[in-house]
Structures are given as structure tokens and as C-alpha cells.
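Colleague: I would like to learn how to read salt bridges and the surroundings of a ligand. Could you walk me through an example?

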Amino acid sequence: MQFPQALETVLQTLERMRAESQHRPCASRSSLDALKQISSLRKIDSLEGHAPSYPKNNLGADSAAPSKTEKADRLAAVQTRVSVCVKCPNLASSRTQTVFGVGNPDADIMFVGEAPGADEDAQGEPFVGRAGQLLTKIIKAMGFPREEVYIANVLKCRPDVPAGSFGNRPPTPREMQTCRPYLMEQIDIIKPKVIVALGAVAVEGLLGTRAPMRELRGRWDSFNGTPLMITYHPAYLLRNQSPSEKRKVWEDMMLVLERLEKPISEKQRNYFL
Ligand code: SF4
């Protein structure tokens, strides 16, 4: 077996093992991606000095841009692992179900919030409560159906609250640190052009930094090379109905549209949430 074919075989085996919840190999996603790059035809051609014909498969040169279906399959594999995760025993025993994420596996924009609340825990989908409805309204005002973007939280389980109490609590730094690898995998698979962090807790989960939102929002940051826009969580807008705060979120979203080189209509420019 020639080197390129042997490499492909190794990659396929690692991918298959990584997708299964048991017997995971000690190979990080970045290591797999690096191996895939090595296996690209152009690089191997230059190494060998000729152009042999290799059988095409989904790990070859085309793997640099996986199809939407491939991304969906990889997300489903991660979701399967998340659905049985018990790394936070208290959350695993109190949750109704895990809340993985929803939307287009090939989305240009990925919205990241902090954690599921009671509504999300009940329905298994992020941002379906009142704050979620406002987020959906914002997404639509940007010119996208909700299904066109991807929406997830840093935490995949609802933070537990004392029995009989109402409301939600924010996730602890330790809980976010424990769950963060799943979000990293989601981002790595989807490879959005822009990430929007919703609120200070999401920022802490993504970047590990804490600061007042008035200092964080409305400017571009970076998450592992992906442009990151920080804006207020929609729940904040529900608590604070001030038009000026709503306008700030909308201005942040216009920056996102500009970054994606989407046309912005006059109606959108003058829009108030
Ligand atoms: S919050 Fe994340 S890491 Fe913790 S149990 Fe749920 S899925 Fe697992």
C-alpha cells in the first residue's frame, strides 16, 4: 500500500473511532485536520514529484471543505456523545435532556448563549423561551430564517436550581470549562464565518474573560481566528426595554452583516428592535 492510501486508511479509522463514544483515540480534532492537510493531493504530489491517481473519498483533498451533509453527520456524532454525558453529575441527574444546538450545519453565523433555561430543558432546543423568541426576531430582521443560522450554548445542560424554586441560574466557570470542549467541536465542524456571543457569561465561556458588557460589546474580537462579535443577551433586552439598549444590539448585528458582506437595506438601517 502506498503512503497516501495508508494515510487515508489511518485517517478513516481515527475518524470512525473518534465518532464513537467508546474507545476514542488520543487524536485531537486539530491533529486529524493536520493529517488531512498532509494527505491533500497537491502536497503529496509535490513530495513524490509525480501525479498518481488516488481514489477519491471524503477525507481527501476535498475534505478541506466538507459538505453540509458531512458536517451534519459529524455534529450528530457529537450530539450522541453529549446526550449521554455525565461529566457534571448534578446537571446530568437534574436535566430533562441535553440541549445540543440547532440550525444549519453549514451556517455563516453561529450564535452562542450561556446555558439552557427551563423552556429549553423541556423542549431540547436552545433559545425557545421569551429570550429565544426575541433572538429569532433579531435573526429575521437581519434577513435570515432561524434555520439558516446555528444556535448553541456554552453549556448543554440546564444549570440545576433548588427543588421548588423558579427561574434559572447562570452556569459556573467550572461547569462551562467542563462542557466547553463540545462547543469547540461544534464550532470546529460548522466553521462559521462569524460567531456572535450573547452576553457576558457566553463571553466568559468562550474567551475566559470577564468584563462589563458595556466594555465588551460592539467591537470585533476573535475566537481561534473566527471573528467574534459580542452583544447583549436577549434576556437583558427583555429586562431593559430601553430603546437605546435595543438599538445597540441592532448596531452590533449590522456590523455582523457588513462583515458578511450582506447588503443592508435602508429599512434595516433604521430598524429598531
Ligand atoms: S453540562 Fe456539558 S459536560 Fe456537563 S453533563 Fe451536561 S453535557 Fe456533560
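**Reading salt bridges and a ligand shell**

Modeller: Gladly! A search of the whole structure, which is a predicted model, finds 13 salt bridges.

Colleague: What counts as a salt bridge?

Modeller: The general idea is a side-chain nitrogen of Lys or Arg within 4 Å of a carboxyl oxygen of Asp or Glu. Here, the side chains of R81 and E185 form one, with 2.8 Å from N to O.

Colleague: Where do R81 and E185 lie?

Modeller: R81 belongs to helix α4 (residues 68-83) and E185 to helix α8 (residues 173-190), so this pair ties together parts that are 104 residues apart in sequence.

Colleague: Are R81 and E185 buried or exposed?

Modeller: For this step you need a cut-off: buried means under 20% relative accessible area. R81 is buried because its relative accessibility is 8%, and E185 is buried too, at 12%.

Colleague: Which residue forms a salt bridge with E125?

Modeller: That is R146, and the closest N and O atoms of the two are 3.0 Å apart. E125 lies in the loop between α6 (118-123) and α7 (130-141), while R146 lies in the loop between α7 and β3 (150-153), so the pair ties together parts that are 21 residues apart in sequence. E125 is partly exposed, with a relative accessible area of 27%, whereas R146 counts as buried at 12%.

Colleague: How are E245 and K248 placed in helix α12?

Modeller: They are three residues apart in helix α12 (residues 243-259), which means about one helical turn separates them. Their side chains meet in a salt bridge of 2.7 Å, N to O. E245 is buried at 8% relative accessibility, and K248 is partly exposed at 27%.

Colleague: Which residues are linked in a network of salt bridges?

Modeller: D160, R169 and E175 are linked in that way.

Colleague: Now for the ligand: where does the ligand sit?

Modeller: The ligand sits in the largest cavity. To read its surroundings, look at the residues around it: C85, K87, C88, L91, R95, L155, K156, C157, T178, C179 and Y182.

Colleague: How do the residues of this shell divide into nonpolar, polar and charged?

Modeller: Seven are nonpolar, one is polar and three are charged.

Colleague: Which element gives the largest share of the shell around the ligand?

Modeller: Helix α8 does, with three residues. You have met α8 already: E185 of the salt bridge with R81 lies in that helix.

How values were computed. Residues numbered from 1 in each chain as written. Predicted model: local features only at pLDDT ≥ 70, side-chain atom pairs only at ≥ 80, totals over all residues. Heavy atoms only, no water. Helix = DSSP H or I, 4+ residues; strand = E, 2+ residues; numbered from the N terminus. Buried < 20%, exposed > 50% of the residue type's maximum accessible area, 1.4 Å probe, protein only. Near = heavy atom within 4 Å. 1 Å grid on protein atoms, 1.4 Å probe; cavity = no way out; pocket = protein on both sides within 12 Å on 5 of 7 lines; lining within 4 Å. Sits in = over half its atoms within 2 Å of the grid points. Nonpolar A, V, L, I, M, F, W, Y, C, P; charged D, E, K, R; others polar.
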